[in-house]
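Here is a walk through one protein model, taken step by step. Keep the sequence and the 3D view open as you read.

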Amino acid sequence: MRSSGSAHSCRHFRSTNWRAAQLFVSALIFCLSATLLFSDDRTVLRPGFDFFSPQEDIALGERAATEVPKQFPLLNDKRVDDYLQALGMKLVAHAPFYKYPYLYRCVNTEVLNAFALPGGFVYVNRAIIEQADSEGQLAAVMAHETSHVALRHGTNQASKAYGAQIGMGLIGALLGGNAGASIIAQIFGRVGVPLMFLRMSREDETQADVLGTQILHDAGYDPQAMADFFQKIEKLAPQKSAEFLSDHPNPEHRIDRIEEEIDRLGGAPPRALHDSPEFERIKRYVKSLPPAPKGPSAQHGAPELPAMEYKAYSSPSGQADAFSLVYPSNWNPVAQEQGVLLAPQGGAVAGEKSSGLAWGVIVSVFSPQAANNTNADLQQAADQLIEQLEKSNSAMKVTERSDSETLGGNGAVSVHLENDSPAGGQESDWLVATLRPGGKLFYVLCVSPQKDNDAYGSAFRAIVHSVKFTD
Ligand SMILES: [Zn+2]
């Protein structure tokens, strides 16, 4: 083939030249348009590592979203939700990475907050609409939440905290059809899956501020609205618990970082949007509605006390570390990948400060890190479990510890802990744990507010002392 082709080569050479010129021109046009699009020095962000797929983000978010109305008073006003959705879509058009099916809804509470679940479920509290001075300020909060979704902070946190194994266990539990009130405890719960999707690190918050500022800018709003509104809610925070600010002990720094990003973006876009007549109408309308119920937890009183009658529970066949136990007949068992969650109706709450299981029992299995190929002993394994619990419960403290307990006929450690209750006030936790063949730690964790210790003590003891290993 080589010999036959000098003329060919020549034509080819010319056409290559022509192609090169075309490529050069299109590259030039691309560069020009890229310069036009990003004639700025914006911070480049991307999602962190994640054991979940974006489709799993959506499945997890959908499942969690079905529980939101049980824990948060949704406003359910079509006019308001339609407006939020339309505004959200303007922002989403400029949100990078995976294109989630974003859904924006209004929560009927005076708490200054908003939150997002994986997969695109964004909730904006009514107080945000009422306190925003312009559409740009409301859009700023929504852009911040949208950024948590786009950057996949919920499942990234879960991946970091629990690793692949528990990630898979969670998705299995969620997709396996464990509907019911206590699923909220699996998702928003503490211990097994603590506050997984609502708990963001400080770094996540900064990222959401930075990407949110970019989205706000790209959607045509003056990004200064982001700094202005966070400054405003900082001032309002003492009166109106601003959960929004809880992860930002240094609000000055937060505003500085937003201002820096605005500079990097080259300031406001041309003909920047600030407000809209539609926002002002919606704000007036929301203010005219009957006042929001007081506090999200006010409508969730303490659950019924544990019944004196007990029911038997056996772990599903096929589960490793098979066990049986008894639980109060007015509680609901929710089988987990390993273990079971036992709680009364309303045992999991979404509180002002935190969300999670406030009344109930978690039975689970923990795999300690083994050193030098030898299994951790009971004390070491228990220490590791407590350390993991402390990571997600910063107020948690060990108050008492003994190794004179038994669980399923084996020697066990018994640890009493103190914590902040998601229902408000102090919480008492009682952890009983024993080693299983293979080196895993099987544990029962009993949770109630301190004031209910007496009312729950006998139920907790009955559950712990009824545990039998059946494999
Ligand atoms: Zn945030």
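## Salt bridges, sheet and zinc site

R42 is buried, with a relative accessible area of 15%. The cut-off for buried is under 20%, so R42 falls within that class. Keep in mind that this is a predicted model.

What does R42 form a salt bridge with? The partner is D218, and the closest N and O atoms are 2.8 Å apart. The two residues come from distant parts of the chain. R42 sits in the loop between α1 (6–37) and α2, while D218 belongs to helix α8, 176 residues apart. D218 is partly exposed, with a relative accessible area of 25%. Side chains of opposite charge can pair when their charged atoms come close.

Step back to the whole chain. The protein has 14 helices and 15 strands. Of its 471 residues, 52% count as buried. About 21600 Å² is exposed, and carbon and sulfur atoms supply 55% of that area. Take the contacts between residues at least 6 apart in sequence: 67% of them join residues at least 24 apart.

Now find the open sheet of three strands. Its order is β1-β3-β2, and the pairing is mixed. β1 (103–107) and β2 (114–117) stand at the edges. Each has a single partner strand, so one side of each is left without a neighbour in the sheet. From one strand to the next, the twist averages 20°. β2 and β3 (residues 121–125) run antiparallel and are joined by four bridges. Within this pairing, F115 stands opposite Y123 in β3.

Helices cover the sheet residues too. Helix α2 (residues 54–71) packs on the sheet and touches β2 and β3. The direction of α2 makes about 35° with that of β3. Helix α5 (residues 135–150) lies across β1, β2 and β3. Relative to β2, helix α5 runs at about 25°.

Follow α5 to the metal. Which protein atoms are the donors of the zinc ion? They are H144 (NE2), H148 (NE2) and E205 (OE), lying 2.0 to 2.1 Å from the ion. Along the chain, the donors follow the spacing H-x3-H-x56-E. H144 lies in helix α5 and E205 in helix α8 (residues 202–218), so this pair ties together parts that are 61 residues apart in sequence. Is H144 buried or exposed? H144 is buried, at a relative accessible area of 1%. E205 is buried as well, at 8%. Helix α8 also holds D218, the salt-bridge partner of R42.

Return to the charged pairs. A search of the whole structure finds 20 salt bridges. One of them joins D81 and R105, with the closest N and O atoms 3.8 Å apart. D81 lies in helix α3 (residues 78–92) and R105 in strand β1, so the pair ties together parts that are 24 residues apart in sequence. D81 is buried, with a relative accessible area of 6%. R105 is partly exposed, at 27%.

Another salt bridge lies within a helix. E130 pairs with R126, and their closest N and O atoms are 3.0 Å apart. The two residues are four apart in helix α4 (residues 126–131), which means about one helical turn separates them. Both E130 and R126 are buried. Elsewhere, salt bridges that share partners join D41, R257, E260, E261 and R264 into one network.

Key. Residues are numbered from 1 along each chain as its sequence is written. This is a predicted model: local features need pLDDT of at least 70, side-chain atom pairs count only at pLDDT 80 or more; totals for chains, interfaces and linings use all residues. Side-chain values use heavy atoms; hydrogens and water are left out. Buried means under 20% relative accessible area, exposed over 50%, partly exposed in between (1.4 Å probe, protein chains only). Contact means heavy atoms within 4.5 Å. Accessible areas come from the Shrake-Rupley method with a 1.4 Å probe; for residues, only the protein chains shown count as cover. Two strands pair if DSSP finds at least two bridges between them. Axes are lines fitted to C-alpha atoms, for helices over the stretch in contact, and angles run from 0 to 180 degrees between N-to-C directions. Donors are N, O and S atoms within 2.8 Å of the metal (3.2 Å for Na, K and Ca); water is not among the atoms, so sites may look incomplete. A salt bridge is a side-chain nitrogen of Lys or Arg within 4 Å of a carboxyl oxygen of Asp or Glu.
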